[in-house]
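These notebook entries record what I looked up in one structure. I kept each entry short and set them down by topic.

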Amino acid sequence: MKPLMLQGHERAITEIKYNREGDLIFSTAKDHKPSVWFSLNGERLGTYNGHQGAVWCVDVDWTTTRLITGAGDMSTKLWDVETGSVLGTIPCNSAARTANFSFSGNQASYSTDKAMGHNSELFIIDVRNVDSSISSQSPVLKLTMNQANQTKITSMLWGALDETVITGHENGSIRIWDLRTAKELNSVNDHTGVINDMQLSADGTMLVSASKDTTAKLFDSESLMCLKTYKTERPVNSAAISPIHEHVVLGGGQEAMEVTTTSTKSGKFDSRLFHLVYEEEFARVKGHFGPINSLAFHPDGKSYATGGEDGFVRVQVFDASYYEFVFE
(Lines give C-alpha, C1' and ligand atoms only; values in the text may rest on other atoms or scores of the structure.)
Protein backbone atom coordinates (compact mmCIF):
# COMPACT_ATOMS: atom_id res chain seq x y z
CA MET A 1 0.00 0.00 0.00
CA LYS A 2 1.70 3.16 -1.19
CA PRO A 3 -0.10 6.05 0.49
CA LEU A 4 -0.89 9.49 -0.86
CA MET A 5 0.66 12.14 1.37
CA LEU A 6 -1.47 15.27 1.66
CA GLN A 7 0.82 18.06 2.85
CA GLY A 8 -0.75 21.44 3.43
CA HIS A 9 -1.48 21.88 7.11
CA GLU A 10 1.11 23.46 9.37
CA ARG A 11 -0.13 21.93 12.62
CA ALA A 12 -1.83 18.80 13.96
CA ILE A 13 -4.87 17.45 12.08
CA THR A 14 -8.05 17.47 14.19
CA GLU A 15 -10.65 15.88 11.88
CA ILE A 16 -11.05 14.53 8.35
CA LYS A 17 -14.29 13.80 6.51
CA TYR A 18 -15.19 12.45 3.06
CA ASN A 19 -18.17 13.84 1.19
CA ARG A 20 -20.94 11.41 0.22
CA GLU A 21 -19.45 10.50 -3.17
CA GLY A 22 -15.95 10.20 -1.75
CA ASP A 23 -14.24 12.38 -4.37
CA LEU A 24 -13.37 15.09 -1.82
CA ILE A 25 -11.65 15.00 1.56
CA PHE A 26 -12.21 17.85 4.03
CA SER A 27 -9.59 18.31 6.73
CA THR A 28 -9.27 20.62 9.73
CA ALA A 29 -6.22 21.31 11.85
CA LYS A 30 -4.96 23.59 14.60
CA ASP A 31 -3.69 26.03 11.95
CA HIS A 32 -6.99 27.94 11.43
CA LYS A 33 -7.46 26.85 7.77
CA PRO A 34 -9.84 24.00 6.88
CA SER A 35 -8.79 22.47 3.53
CA VAL A 36 -10.41 20.46 0.76
CA TRP A 37 -8.55 17.87 -1.34
CA PHE A 38 -9.21 15.53 -4.27
CA SER A 39 -9.18 12.03 -2.77
CA LEU A 40 -8.01 10.47 -6.07
CA ASN A 41 -4.66 12.21 -6.42
CA GLY A 42 -4.23 14.18 -3.17
CA GLU A 43 -4.30 17.58 -4.89
CA ARG A 44 -5.46 20.44 -2.69
CA LEU A 45 -8.48 22.25 -4.11
CA GLY A 46 -8.41 25.14 -1.69
CA THR A 47 -8.72 26.41 1.86
CA TYR A 48 -11.50 28.10 3.86
CA ASN A 49 -10.09 31.24 5.44
CA GLY A 50 -11.91 32.99 8.26
CA HIS A 51 -11.26 31.26 11.58
CA GLN A 52 -8.90 32.79 14.14
CA GLY A 53 -8.27 29.69 16.25
CA ALA A 54 -7.69 25.95 16.04
CA VAL A 55 -10.50 24.34 14.02
CA TRP A 56 -11.78 21.29 15.91
CA CYS A 57 -14.47 19.84 13.67
CA VAL A 58 -15.84 19.76 10.13
CA ASP A 59 -18.80 18.26 8.31
CA VAL A 60 -20.21 18.52 4.80
CA ASP A 61 -23.85 18.06 3.83
CA TRP A 62 -24.99 15.25 1.52
CA THR A 63 -25.17 17.50 -1.56
CA THR A 64 -21.58 18.78 -0.99
CA THR A 65 -22.79 22.39 -1.21
CA ARG A 66 -22.28 23.51 2.40
CA LEU A 67 -19.65 22.99 5.05
CA ILE A 68 -19.83 23.55 8.80
CA THR A 69 -16.80 24.06 11.05
CA GLY A 70 -16.36 24.71 14.76
CA ALA A 71 -13.26 26.32 16.22
CA GLY A 72 -11.43 27.47 19.31
CA ASP A 73 -12.11 31.11 18.37
CA MET A 74 -15.60 30.59 19.92
CA SER A 75 -17.46 30.46 16.62
CA THR A 76 -19.20 28.02 14.29
CA LYS A 77 -19.11 28.90 10.60
CA LEU A 78 -21.15 27.77 7.62
CA TRP A 79 -19.39 27.87 4.25
CA ASP A 80 -20.20 27.57 0.58
CA VAL A 81 -18.13 24.53 -0.47
CA GLU A 82 -17.63 25.70 -4.07
CA THR A 83 -16.64 29.33 -3.53
CA GLY A 84 -15.12 29.09 -0.04
CA SER A 85 -17.15 32.08 1.13
CA VAL A 86 -18.60 32.30 4.65
CA LEU A 87 -22.41 32.00 4.58
CA GLY A 88 -22.84 32.73 8.27
CA THR A 89 -20.99 32.88 11.58
CA ILE A 90 -22.55 31.82 14.88
CA PRO A 91 -20.79 33.17 18.00
CA CYS A 92 -20.43 30.74 20.93
CA ASN A 93 -19.73 31.20 24.64
CA SER A 94 -16.73 28.85 24.46
CA ALA A 95 -14.85 26.74 21.88
CA ALA A 96 -17.04 24.78 19.45
CA ARG A 97 -15.98 21.13 19.77
CA THR A 98 -18.30 19.18 17.44
CA ALA A 99 -20.43 20.05 14.40
CA ASN A 100 -22.57 17.86 12.16
CA PHE A 101 -25.21 18.23 9.47
CA SER A 102 -28.33 16.12 9.80
CA PHE A 103 -28.95 13.50 7.09
CA SER A 104 -31.52 15.71 5.37
CA GLY A 105 -29.17 18.70 5.40
CA ASN A 106 -31.99 20.90 6.76
CA GLN A 107 -30.52 21.10 10.25
CA ALA A 108 -27.10 21.16 11.82
CA SER A 109 -25.89 20.56 15.36
CA TYR A 110 -22.87 21.84 17.21
CA SER A 111 -21.65 21.66 20.79
CA THR A 112 -19.50 23.90 22.95
CA ASP A 113 -16.95 23.18 25.67
CA LYS A 114 -17.38 23.68 29.38
CA ALA A 115 -15.26 26.79 29.96
CA MET A 116 -15.32 30.32 31.37
CA GLY A 117 -18.27 29.68 33.65
CA HIS A 118 -20.41 28.16 30.86
CA ASN A 119 -21.58 24.55 30.81
CA SER A 120 -21.15 22.37 27.75
CA GLU A 121 -24.14 22.99 25.46
CA LEU A 122 -25.64 21.32 22.41
CA PHE A 123 -27.40 23.43 19.77
CA ILE A 124 -29.64 22.42 16.86
CA ILE A 125 -29.99 25.08 14.15
CA ASP A 126 -32.04 25.40 10.96
CA VAL A 127 -29.69 25.80 7.99
CA ARG A 128 -32.13 25.82 5.06
CA ASN A 129 -31.81 29.55 4.42
CA VAL A 130 -28.45 30.66 5.71
CA ASP A 131 -27.41 34.30 5.55
CA SER A 132 -25.55 36.76 7.75
CA SER A 133 -28.56 37.03 10.09
CA ILE A 134 -27.97 33.47 11.38
CA SER A 135 -25.67 34.89 14.07
CA SER A 136 -28.66 36.55 15.76
CA GLN A 137 -31.21 33.77 15.14
CA SER A 138 -32.16 31.64 18.11
CA PRO A 139 -31.43 27.89 17.78
CA VAL A 140 -34.22 25.37 17.19
CA LEU A 141 -33.12 23.52 20.33
CA LYS A 142 -30.57 24.07 23.08
CA LEU A 143 -29.54 21.38 25.55
CA THR A 144 -27.34 22.29 28.52
CA MET A 145 -25.19 19.65 30.23
CA ASN A 146 -25.81 20.92 33.76
CA GLN A 147 -25.99 17.71 35.77
CA ALA A 148 -22.98 16.21 37.51
CA ASN A 149 -22.88 13.16 35.24
CA GLN A 150 -23.35 15.16 32.02
CA THR A 151 -19.77 16.20 31.31
CA LYS A 152 -18.39 17.95 28.23
CA ILE A 153 -19.55 16.66 24.84
CA THR A 154 -16.51 15.40 22.92
CA SER A 155 -18.19 13.74 19.92
CA MET A 156 -21.62 13.70 18.33
CA LEU A 157 -23.72 11.91 15.71
CA TRP A 158 -27.23 12.26 14.30
CA GLY A 159 -29.54 9.32 14.92
CA ALA A 160 -32.09 7.75 12.58
CA LEU A 161 -34.56 9.98 10.70
CA ASP A 162 -33.05 13.12 12.28
CA GLU A 163 -35.14 12.47 15.40
CA THR A 164 -32.28 11.88 17.82
CA VAL A 165 -28.73 13.01 18.50
CA ILE A 166 -26.10 10.70 20.00
CA THR A 167 -23.42 12.36 22.14
CA GLY A 168 -20.14 11.00 23.53
CA HIS A 169 -18.82 12.61 26.71
CA GLU A 170 -15.63 13.31 28.59
CA ASN A 171 -16.50 10.83 31.35
CA GLY A 172 -16.93 7.97 28.83
CA SER A 173 -20.74 7.99 28.71
CA ILE A 174 -22.78 7.85 25.49
CA ARG A 175 -26.25 9.41 25.47
CA ILE A 176 -29.19 9.57 23.06
CA TRP A 177 -31.34 12.71 23.06
CA ASP A 178 -34.86 12.97 21.69
CA LEU A 179 -35.02 16.23 19.77
CA ARG A 180 -38.81 16.55 20.01
CA THR A 181 -39.03 16.38 23.78
CA ALA A 182 -35.45 17.64 24.47
CA LYS A 183 -35.03 14.75 26.90
CA GLU A 184 -32.43 12.03 27.32
CA LEU A 185 -33.71 8.69 26.03
CA ASN A 186 -30.86 6.42 26.97
CA SER A 187 -27.30 6.42 28.28
CA VAL A 188 -24.51 3.89 28.82
CA ASN A 189 -21.18 4.06 30.66
CA ASP A 190 -19.20 1.26 29.02
CA HIS A 191 -16.07 3.37 28.53
CA THR A 192 -13.90 4.56 31.41
CA GLY A 193 -12.08 7.34 29.54
CA VAL A 194 -12.83 10.28 27.25
CA ILE A 195 -14.69 9.35 24.07
CA ASN A 196 -12.57 10.86 21.30
CA ASP A 197 -14.64 9.85 18.28
CA MET A 198 -17.82 8.08 17.18
CA GLN A 199 -18.68 6.95 13.65
CA LEU A 200 -21.72 5.17 12.24
CA SER A 201 -21.73 2.12 10.00
CA ALA A 202 -22.83 2.60 6.39
CA ASP A 203 -26.44 1.57 7.16
CA GLY A 204 -26.57 3.52 10.43
CA THR A 205 -27.51 0.54 12.59
CA MET A 206 -24.21 0.42 14.50
CA LEU A 207 -21.67 2.91 15.76
CA VAL A 208 -18.06 2.50 16.79
CA SER A 209 -16.63 4.63 19.59
CA ALA A 210 -12.94 5.38 20.19
CA SER A 211 -11.81 6.15 23.72
CA LYS A 212 -8.80 7.20 25.73
CA ASP A 213 -9.29 4.05 27.83
CA THR A 214 -7.36 2.14 25.05
CA THR A 215 -10.46 0.46 23.60
CA ALA A 216 -12.91 0.96 20.77
CA LYS A 217 -16.41 -0.46 21.19
CA LEU A 218 -19.20 -1.36 18.78
CA PHE A 219 -22.72 -0.32 19.86
CA ASP A 220 -26.21 -0.77 18.52
CA SER A 221 -27.08 2.80 17.53
CA GLU A 222 -30.64 2.62 18.90
CA SER A 223 -30.41 0.56 22.10
CA LEU A 224 -26.73 1.49 22.84
CA MET A 225 -26.07 -2.15 23.64
CA CYS A 226 -22.33 -2.86 23.58
CA LEU A 227 -21.78 -5.57 20.96
CA LYS A 228 -17.98 -5.84 20.61
CA THR A 229 -14.79 -4.45 22.17
CA TYR A 230 -11.50 -3.92 20.33
CA LYS A 231 -8.59 -3.76 22.78
CA THR A 232 -5.24 -2.02 22.25
CA GLU A 233 -2.53 -0.80 24.62
CA ARG A 234 -2.59 2.87 23.63
CA PRO A 235 -5.34 5.54 23.64
CA VAL A 236 -7.64 5.22 20.61
CA ASN A 237 -8.37 8.60 19.00
CA SER A 238 -10.53 7.54 16.07
CA ALA A 239 -12.28 4.46 14.66
CA ALA A 240 -14.26 3.75 11.49
CA ILE A 241 -16.29 0.83 10.13
CA SER A 242 -15.65 -0.42 6.59
CA PRO A 243 -18.71 0.03 4.33
CA ILE A 244 -18.01 -3.19 2.36
CA HIS A 245 -16.27 -5.62 4.74
CA GLU A 246 -16.69 -6.65 8.37
CA HIS A 247 -13.63 -4.66 9.32
CA VAL A 248 -12.90 -1.82 11.74
CA VAL A 249 -9.87 0.45 11.52
CA LEU A 250 -8.54 2.13 14.68
CA GLY A 251 -6.07 4.99 14.98
CA GLY A 252 -4.38 6.52 17.99
CA GLY A 253 -1.10 6.18 19.82
CA GLN A 254 0.75 7.60 22.75
CA GLU A 255 -0.32 11.11 23.70
CA ALA A 256 1.28 13.92 21.73
CA MET A 257 3.02 15.53 24.69
CA GLU A 258 4.93 12.30 25.41
CA VAL A 259 5.87 11.57 21.81
CA THR A 260 9.29 13.26 21.88
CA THR A 261 10.60 10.71 24.37
CA THR A 262 9.84 7.61 22.28
CA SER A 263 10.66 6.16 18.87
CA THR A 264 7.96 5.80 16.21
CA LYS A 265 7.86 2.04 16.84
CA SER A 266 7.14 2.13 20.56
CA GLY A 267 4.70 5.02 20.17
CA LYS A 268 2.24 2.68 18.40
CA PHE A 269 1.24 5.21 15.75
CA ASP A 270 0.01 2.54 13.29
CA SER A 271 -3.56 2.31 12.12
CA ARG A 272 -4.85 -1.11 13.12
CA LEU A 273 -7.42 -3.26 11.34
CA PHE A 274 -9.70 -5.50 13.40
CA HIS A 275 -12.37 -7.96 12.35
CA LEU A 276 -15.76 -6.50 13.24
CA VAL A 277 -17.19 -9.74 14.63
CA TYR A 278 -14.19 -11.72 15.90
CA GLU A 279 -12.51 -8.70 17.56
CA GLU A 280 -9.13 -9.93 16.28
CA GLU A 281 -6.46 -7.66 14.87
CA PHE A 282 -5.23 -8.82 11.45
CA ALA A 283 -3.20 -5.91 10.04
CA ARG A 284 -1.26 -2.76 10.90
CA VAL A 285 -0.32 0.14 8.65
CA LYS A 286 2.59 2.35 9.65
CA GLY A 287 3.39 5.85 8.46
CA HIS A 288 2.62 8.69 10.84
CA PHE A 289 5.26 10.32 13.06
CA GLY A 290 2.78 10.99 15.83
CA PRO A 291 -0.63 9.87 17.07
CA ILE A 292 -3.44 9.46 14.53
CA ASN A 293 -6.12 12.00 15.50
CA SER A 294 -8.79 11.21 12.92
CA LEU A 295 -9.56 8.61 10.30
CA ALA A 296 -12.33 7.91 7.82
CA PHE A 297 -13.20 5.20 5.31
CA HIS A 298 -13.83 6.14 1.69
CA PRO A 299 -17.54 5.53 0.95
CA ASP A 300 -16.58 2.78 -1.54
CA GLY A 301 -14.49 0.99 1.12
CA LYS A 302 -11.44 0.67 -1.14
CA SER A 303 -9.29 3.16 0.78
CA TYR A 304 -9.20 5.14 3.99
CA ALA A 305 -7.61 8.40 5.13
CA THR A 306 -5.77 9.14 8.37
CA GLY A 307 -4.86 12.53 9.84
CA GLY A 308 -2.10 12.74 12.40
CA GLU A 309 -0.45 14.95 14.97
CA ASP A 310 2.36 15.41 12.42
CA GLY A 311 0.07 17.54 10.22
CA PHE A 312 -0.11 15.04 7.34
CA VAL A 313 -3.18 13.39 5.87
CA ARG A 314 -2.37 9.98 4.41
CA VAL A 315 -4.72 8.19 2.01
CA GLN A 316 -4.15 4.42 2.09
CA VAL A 317 -5.49 2.52 -0.93
CA PHE A 318 -5.93 -1.20 -0.33
CA ASP A 319 -4.00 -3.74 -2.41
CA ALA A 320 -5.70 -6.60 -4.25
CA SER A 321 -4.63 -8.96 -1.45
CA TYR A 322 -6.93 -7.11 0.96
CA TYR A 323 -10.03 -8.24 -0.97
CA GLU A 324 -8.76 -11.82 -1.21
CA PHE A 325 -8.11 -12.01 2.53
CA VAL A 326 -10.40 -14.51 4.26
CA PHE A 327 -10.62 -14.75 8.04
CA GLU A 328 -10.06 -18.39 8.96
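**Entry 1: Leu161 and its neighbour.** I began with Leu161 in this predicted model. Is Leu161 buried or exposed? I found a relative accessible area of 70% for Leu161; the residue is therefore exposed, since the cut-off for that class is over 50%. Leu161 sits in the loop that runs between strand 14 (153–158) and strand 15. I noted that its phi is positive, about 60°, although Leu161 is not a glycine.

I then turned to Asp162, which also lies in the loop between strand 14 and strand 15. Its phi is near 60°, again a positive value in a residue other than glycine. For Asp162 the relative accessibility is 15%, and because buried means under 20%, I entered Asp162 as buried.

**Entry 2: the second largest pocket.** I looked up the second largest pocket, which holds about 350 Å³ of space. Which residues lie nearest its centre? I listed Gly159, Ala160, Thr164, Ser221 and Glu222, out of a lining of 19 residues. Strand 15 (164–169) and strand 16 (174–178) each contribute at least two residues to this lining. Sorted by class, I recorded 8 nonpolar, 5 polar and 6 charged residues in the lining of the second largest pocket.

**Entry 3: Gln150.** I placed Gln150 in the loop between strand 13 (141–144) and strand 14. The relative accessibility of Gln150 is 8%, so this residue counts as buried. What does the side chain of Gln150 contact? I found a polar contact with the side chain of Glu184, at 3.5 Å.

**Entry 4: the sheet of strands 22 to 25.** I traced an open sheet of 4 strands in the order 22-23-24-25, paired antiparallel. At its edges I found strand 22 (236–241) and strand 25 (281–285); each has a single partner strand, so one side of each has no neighbour in the sheet. From one strand to the next, the twist averages 20°. As general background, I noted that strands of a sheet pair through backbone hydrogen bonds, either parallel or antiparallel.

I examined one pair further. Strand 22 is joined to strand 23 (residues 247–252) by 5 bridges, and the two run antiparallel. Within this pair, Ser238 stands opposite Gly251 in strand 23.

**Entry 5: the cavity.** How many cavities of 30 Å³ or more are there? My count came to 1 cavity. The largest cavity has a volume of about 70 Å³. I recorded 11 residues lining the largest cavity, with Thr232, Pro235, Gly252, Gly253 and Arg272 closest to its centre. Strand 23, already met in the previous entry, gives the most to this lining, with 3 residues. By class, I divided the lining of the largest cavity into 3 nonpolar, 4 polar and 4 charged residues.

**Entry 6: the sheet that includes strand 1.** I also traced an open sheet of 4 strands with the order 1-28-27-26 and antiparallel pairing. Which strands form its edges? I entered strand 1 (4–7) and strand 26 (292–297), each of which pairs on one side only. Neighbouring strands of this sheet are turned by 20° against each other on average, direction ignored.

Strand 26 runs antiparallel to strand 27 (residues 303–308), and I noted 5 bridges between them. I closed with one bridge partner: for Ser294, the partner in strand 27 is Gly307.

Note on methods: Residues are numbered from 1 along each chain as its sequence is written. This is a predicted model: local features need pLDDT of at least 70, side-chain atom pairs count only at pLDDT 80 or more; totals for chains, interfaces and linings use all residues. Side-chain values use heavy atoms; hydrogens and water are left out. Two strands pair if DSSP finds at least two bridges between them. Axes are lines fitted to C-alpha atoms, for helices over the stretch in contact, and angles run from 0 to 180 degrees between N-to-C directions. On a 1 Å grid over the protein atoms alone, a cavity is a set of points where a 1.4 Å probe fits but cannot get out, and a pocket is an open set with protein on both sides within 12 Å along at least five of seven lines; lining residues have an atom within 4 Å of a point. Grid points are joined across faces, edges and corners, and a volume is the space filled by probe spheres set on the points. Ala, Val, Leu, Ile, Met, Phe, Trp, Tyr, Cys and Pro count as nonpolar, Asp, Glu, Lys and Arg as charged, and the others, Gly among them, as polar. Buried means under 20% relative accessible area, exposed over 50%, partly exposed in between (1.4 Å probe, protein chains only). A polar contact is a pair of N or O atoms within 3.5 Å; within protein, one must be able to donate a hydrogen and the other to accept it, and residues adjacent in sequence count only if both atoms are side-chain atoms.
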